Amino acid sequence: MDAVNYIRGLRGNQIYPQNLVLPYMPVEGGKVWFVDGDQSTGSHGGRSWSDAFDETEFDGALSSLGDVRAGDVIYVAARTMAQTDTDPISYTTNLTVDVPQVSIIGVSRGLTQGGLPQLKVGATTTQAVIRVRAPGVMIANIGINGAGATGGGIRFDDDGGTTYASFGGSVLGCHFKNCVGTTATNAATGGAIMLSGAPWQIRIDGNVFYKNVGDVVLLDTSNAVPQDVVIQNNIFSPVAASTDCNIYGAGGSGFGYVIIDSNVFGQLPAVGSGSIKRYMDLTGADGGMVTRNVFGALAADTGTTLTWLAAGTAAKIPTTVHVAGNYGQSDTATESGEVTIGANS
């Protein structure tokens, strides 16, 4: 059956996402925009791939990009690589997402550094590659390489709504590499995904982290403690010599409530001159669950094992946060390697 006989719009026309209504496509009633860093023709109006915004326009405040409004979707194409390239061609940007309820979605060829459109910091190297200063924002399928910068990857800023808020944000299916804060040895100063102020209801799901000084970092709680934060299905930085802490939640007063579920943690962070050197530090958390995670460290009743306790050597987990169904490596064939709360586990 020939579709053009039944769908008149196909005859001699291109069909774009805004023409379709499909499951999992966040189109709502907003517009769809396109960013292509290799675009050199057209008027750069951003409403089609053939007239996409270019690299220079995908920088600064999102509100100045075309006529972007709440509910809009922005698709970002990867820069074109040559056959001999050994690193992705990056967008250079200091993007501030100051429009509520927008979705920024990379055109993905797989969850790898070379399979996603990659962003690196622009002219302001001390600012995050992406600052989120609006509620309900989704960032998906984007690669961020923090090399040469000290402002980190994605930062959710929230001053309690006085000037901006960032609750309800999601980071899904992204790749983070080489992200540091003001120092490369202290995760408390920044990293790949950072929360500052009072961003509530944040979801961090399905991402890959590699060689970041900190992967998820609560910088401060200057307005209120972040609650209902879900960190799930991620692969955290596994190289001990590059990382200080995978999840640092001790900034300010700590999390209000946090779920850390079904993640993979590699070697115990041990960057030289590191300040924290643990998988996670949840000191100050009012409540939460650490469930179904796996760790690349001994967790058994025998051998030299690490501890998951309020002052643990593997992770600082206060008694207000419950631990269940987590596993490390066992020391013998007869042990399960289950992480339990105790003096030697």
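In this predicted model, Arg79 is a buried residue, with a relative accessible area of 17%. Arg79 forms a salt bridge with Glu55, and the closest N and O atoms of the two are 3.3 Å apart. The pair links distant parts of the chain: Arg79 sits in the loop between β3 (73-76) and β4 (91-93), while Glu55 sits in the loop between β1 (32-35) and β2 (60-61), 24 residues apart. Glu55 also counts as buried, at 19% relative accessibility, because the cut-off for buried is under 20%.

Arg79 has a further contact, with an aromatic ring. Its charged end sits over the ring of Tyr91, 5.9 Å from the ring centre. Tyr91 is buried, with a relative accessible area of 0%. The rings of Tyr91 and Phe58 have their centres 5.9 Å apart and their planes at 70°, so this pair is edge-to-face. Phe58 lies in the loop between β1 and β2 and Tyr91 in strand β4, so the contact ties together parts that are 33 residues apart in sequence. Phe58 is buried too, with a relative accessible area of 1%.

**Salt bridges**

The structure holds 8 salt bridges. Three of them are listed here with the distance between the closest N and O atoms.

| Basic residue | Acidic residue | Closest N and O atoms |
|---|---|---|
| Arg79 | Glu55 | 3.3 Å |
| Arg133 | Asp157 | 3.1 Å |
| Arg155 | Asp157 | 2.6 Å |

Asp157 forms salt bridges with Arg133 and with Arg155. At 3% relative accessibility, Asp157 counts as buried. Its partners are partly exposed: Arg133 at 24% relative accessibility and Arg155 at 28%. The contact of Arg133 with Asp157 has an N to O distance of 3.1 Å. Arg133 lies in the loop between β8 (130-132) and β9 (138-140), and Asp157 in strand β11 (residues 154-158), so the pair ties together parts that are 24 residues apart in sequence. Elsewhere, Lys31, Asp67 and Arg69 are linked in a network of salt bridges.

**Aromatic contacts**

The model contains 11 aromatic pairs. One of them is formed by Trp33 and Phe53, whose ring centres are 5.6 Å apart and whose planes meet at 20°, so the pair is stacked. This pair links distant parts of the chain, with Trp33 in strand β1 and Phe53 in the loop between β1 and β2, 20 residues apart. Both rings belong to buried residues: the relative accessible area is 4% for Trp33 and 3% for Phe53. Trp33 also has a charged neighbour, as Arg47 lies over the face of its ring at 5.2 Å from the ring centre.

One aromatic cluster is formed by Phe176, Phe209, Phe236, Phe265, Tyr279, Phe295 and Trp308. Two of these residues, Phe265 and Phe295, stand opposite each other, with Phe295 in β24.

**Paired strands and a nonpolar patch**

Strand β21 (residues 264-265) contains Val264. β21 and strand β24 (residues 294-298) run parallel and are joined by 2 bridges. β24 is in turn joined by 2 bridges to strand β28 (residues 327-329), also in parallel. Leu298 has Gln329 in β28 as its bridge partner.

Val264 is partly exposed, with a relative accessible area of 39%. Together with Ile235, Val294 and Tyr327, Val264 makes a nonpolar surface patch of about 310 Å².

Note on methods: Residues are numbered from 1 along each chain as its sequence is written. This is a predicted model: local features need pLDDT of at least 70, side-chain atom pairs count only at pLDDT 80 or more; totals for chains, interfaces and linings use all residues. Side-chain values use heavy atoms; hydrogens and water are left out. Patches are made of residues with over 30% relative accessible area and no salt bridge: like charges are joined within 9 Å, nonpolar side chains (Val, Leu, Ile, Met, Phe, Trp, Tyr) within 5 Å. Accessible areas come from the Shrake-Rupley method with a 1.4 Å probe; for residues, only the protein chains shown count as cover. A salt bridge is a side-chain nitrogen of Lys or Arg within 4 Å of a carboxyl oxygen of Asp or Glu. Helices (H or I, at least four residues) and strands (E, at least two) are DSSP runs, numbered from the N terminus. Buried means under 20% relative accessible area, exposed over 50%, partly exposed in between (1.4 Å probe, protein chains only). Two strands pair if DSSP finds at least two bridges between them. Rings of Phe, Tyr and Trp (its six-membered ring) pair if their centres lie within 6.5 Å; planes under 30 degrees apart count as stacked, over 60 as edge-to-face and the rest as tilted. A charge sits over a ring if NZ of Lys or CZ of Arg is within 6 Å of the ring centre and within 35 degrees of the ring normal.
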